[in-house]
Every structure is written in structure tokens, then in C-alpha cells.
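Here are some short exercises to work through with the model open beside you. Try each one before reading its solution.

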Amino acid sequence: MPDIDTASATAASRRLADIRTRIDHAAGLADRDPATIELIAISKTHPAEEIAPLIAAGQIGFGENRVQEAESKWPALRDGTSLRLHLVGRLQSNKAGDAVALFDAIHSVDRPSLIEALAKAMDAAGKRPDCFIQVNIGAEDQKGGCAIDALPAILKQARDAGLPVAGLMAVPPFEVEAAPYFALLAKLAKRHELAGLSMGMSADFETAVMIGATHVRIGTALFGARA
């Protein structure tokens with residue numbers, strides 16, 4: 001792990017404590033146990049030197065968008081730790097084996113071909129990362145995720161293939177009120193008897209927590225804006 005200077009360590013600890021306090025407060029408003037909410041620090045595009053202070057501050061879960069980027073920096077960072085690594089970006093089927101080997105959870109399962117590839121990779125590796133079905137909750141052409149009406153079939157295929165489906169994931173449309181989209185995802189999860197809800201980012205995670213998020217994905221608020 002890279003050396004950590006005092007200023008970086010102090011700043012990381014303060015940012016992490018602030019986010020955890022806000023999660024605790026939002027959970028309290030909803031009469032929820034904060035311990036049931038996993039904070040995922042979105043470390044995509046950030047180098048090891050910026051990630052190490054958060055690890056030292058006690059952060060456990062981190063999220064990456066791309067398999068190749070994660071492979072280049074996480075083996076050394078994870079060595080001897082109990083960190084959990086989450087894949088939150090779109091996954092190409094031909095990278096399924098690499099993703100299964102590296103990640104503890106995959107939040108972007110959204111199509112039949114990927115389910116088939118992941119099932120084969122998990123069988124071959126003897127390792128079964130948690131899987132979240134990504135739902136295109138705003139029906140946006142530019143975003144990944146299955147259509148809402150395709151969710152029952154996708155879920156059935158994933159379960160039949162032996163994927164450990166932990167819950168649903170979604171990214172609401174930007175610059176609109178996120179609460180209705182979070183509520184819809186929570187309704188879909190309840191309908192399909194799924195406990196996990198991966199939703200909420202830096203701008204809206206408190207709302208997500210109050211609506212039932214079990215995993216919140218925080219990047220900017222922990223690392224600062226990317227250049």
C-alpha cells in the first residue's frame with residue numbers, strides 16, 4: 001500500500017466520518033439499523049494513493065466500473081485485508097471470468113448473455129460473488145440495465161443458472177427527483193422477494209437510505225470531484 005501523509009489521512013477520516021454520520025441520521029429517520037447499510041466508496045479513476053487513506057480510515061467496501069482498471073490497482077491494495085470489491089459498471093460477457101475472480105459483488109447483471117457467461121465462470125472458479133440485477137428504472141437508452149417488464153424473466157434465468165441474486169440496482173435519471181425511482185425499485189424488490197437495494201449516490205444517498213437502500217455508492221463526497 002502507498003505511504004499516506006498525515007494531511008491525506010486526516011481529510012479521508014473526516015470525509016468518511018461525515019458520510020457515515022449522514023447515513024446514520026437518515027437511517028434513524030426511517031427507523032432502520034445503520035448496520036444494515038453498506039457504504040461502497042466508488043474509487044473508479046482514482047489512483048492507489050487516493051484510495052489508501054480511506055482504507056486506513058477503516059473503509060471496507062470499494063466500487064470500480066471497469067475490470068481492467070480494477071485489476072491494475074486492487075491486488076496490491078487488498079493484500080492482507082478484508083476489503084470487499086464491487087463491480088458497479090457495465091460488464092462485457094467476455095470479461096465475466098475476470099470479474100468473478102476479482103470482485104465480491106457484481107451490481108450490473110442485466111441481460112441473458114451475461115447471466116450465461118457469469119454462471120459458467122462461477123462454476124469454473126468455484127466462487128460465487130453476490131449479484132444485483134440492474135434495472136433501467138428511467139427507461140434511458142444510454143444506460144445499462146434491463147427493462148422493468150423484462151425483470152421477471154431475467155430474474156428467473158439468473159436464479160435457474162445458480163447466480164446468488166442479492167437484490168436490485170438502479171441509477172435514476174440525473175437532475176430529477178430521485179425518490180420516486182428509488183420507491184419503484186424498492187417495490188420491485190419486494191415483489192420479487194429480494195432484500196438488497198443498491199441505490200443512492202453522493203447527491204441522493206440519504207433519500208435512498210430512507211426508502212430502503214442496503215448499499216449506497218458514494219464517489220464524489222468521499223474523493224472529491226474528478227478532474
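**Exercise 1.** In this predicted model, decide whether Ser108 counts as buried or exposed, and find which backbone oxygen its side chain reaches.

*Solution.* Start with the place of the residue: Ser108 sits in strand S4, which covers residues 105-109. Next, take its relative accessibility, which is 1%. Buried means under 20%, so Ser108 counts as buried. Now look at the side chain of Ser108, which reaches the backbone oxygen of Gly89 at 2.6 Å. To finish, list the surroundings. Leaving aside neighbours within four places in sequence, Ser108 is in contact with Leu87, Val88, Gly89, Arg90, Leu91, Leu114, Phe132 and Gln134.

**Exercise 2.** Work out how Gln59 is placed: where does it lie, is it buried or exposed, and which residues does it touch?

*Solution.* Begin just after helix H2, where Gly58 follows with a positive phi, near 110°. Gln59 lies in the loop between H2 and S2. Its relative accessible area is 2%. The cut-off for buried is under 20%, and therefore Gln59 is buried. A polar atom of the Gln59 side chain lies 2.7 Å from the backbone oxygen of Gly61. Not counting residues up to four places away in sequence, Gln59 touches Leu16, Arg20, Leu39, Ile40, Ala41, Leu54 and Leu83.

**Exercise 3.** Find which residues of helix H2 are buried, and describe how H2 crosses H3.

*Solution.* Scan H2, residues 48-56, for burial: Ala48, Ile51, Ala52, Pro53, Leu54 and Ile55 are buried. Then ask what these residues pack against; the partners are H1, S1, strand S2 (61-64), helix H3 (67-78) and helix H9 (220-223). For the pair H2 and H3, the axes come within 11 Å and cross at roughly 35°. The crossing is right-handed. Ala48, Ile51 and Ile55 of H2 make the contact with Lys73, Trp74 and Leu77 of H3. Sorted by type, the residues of this contact are five nonpolar, no polar and one charged.

**Exercise 4.** Describe the packing of helices H5 and H6, and name the residues that make the contact.

*Solution.* Two packed helices are described by the angle between their axes and by the distance between those axes. Helix H5 (residues 112-125) and helix H6 (residues 151-160) pack at an angle of about 10°, and their axes are 10 Å apart. Angles under 35 degrees count as roughly parallel, so H5 and H6 are roughly parallel to each other. H5 passes H6 in a right-handed crossing. From H5, the contact involves Pro112, Ile115 and Glu116, and from H6, Ile154, Gln157 and Ala158. These residues divide into four nonpolar, one polar and one charged.

**Exercise 5.** Locate Arg32 and find which backbone oxygen its side chain reaches.

*Solution.* Arg32 is in the loop between helix H1 (6-29) and strand S1 (38-42). Look next along the chain: Arg32 and Gly212 are 180 residues apart, with their C-alpha atoms separated by 8.5 Å. Leaving aside neighbours within four places in sequence, Arg32 is in contact with Ala27, Ile37, Val209, Gly212, Ala213 and Thr214. Lastly, follow the side chain of Arg32 to the backbone oxygen of Ala213, which it reaches at 2.8 Å.

Note on methods: Residues are numbered from 1 along each chain as its sequence is written. This is a predicted model: local features need pLDDT of at least 70, side-chain atom pairs count only at pLDDT 80 or more; totals for chains, interfaces and linings use all residues. Side-chain values use heavy atoms; hydrogens and water are left out. Helices (H or I, at least four residues) and strands (E, at least two) are DSSP runs, numbered from the N terminus. Buried means under 20% relative accessible area, exposed over 50%, partly exposed in between (1.4 Å probe, protein chains only). A polar contact is a pair of N or O atoms within 3.5 Å; within protein, one must be able to donate a hydrogen and the other to accept it, and residues adjacent in sequence count only if both atoms are side-chain atoms. Contact means heavy atoms within 4.5 Å. Axes are lines fitted to C-alpha atoms, for helices over the stretch in contact, and angles run from 0 to 180 degrees between N-to-C directions. Angles under 35 degrees count as roughly parallel, over 145 as roughly antiparallel, 65 to 115 as roughly perpendicular and the rest as oblique. A crossing is left-handed if the near helix is turned anticlockwise from the far one by less than a right angle, and right-handed if clockwise. Ala, Val, Leu, Ile, Met, Phe, Trp, Tyr, Cys and Pro count as nonpolar, Asp, Glu, Lys and Arg as charged, and the others, Gly among them, as polar.
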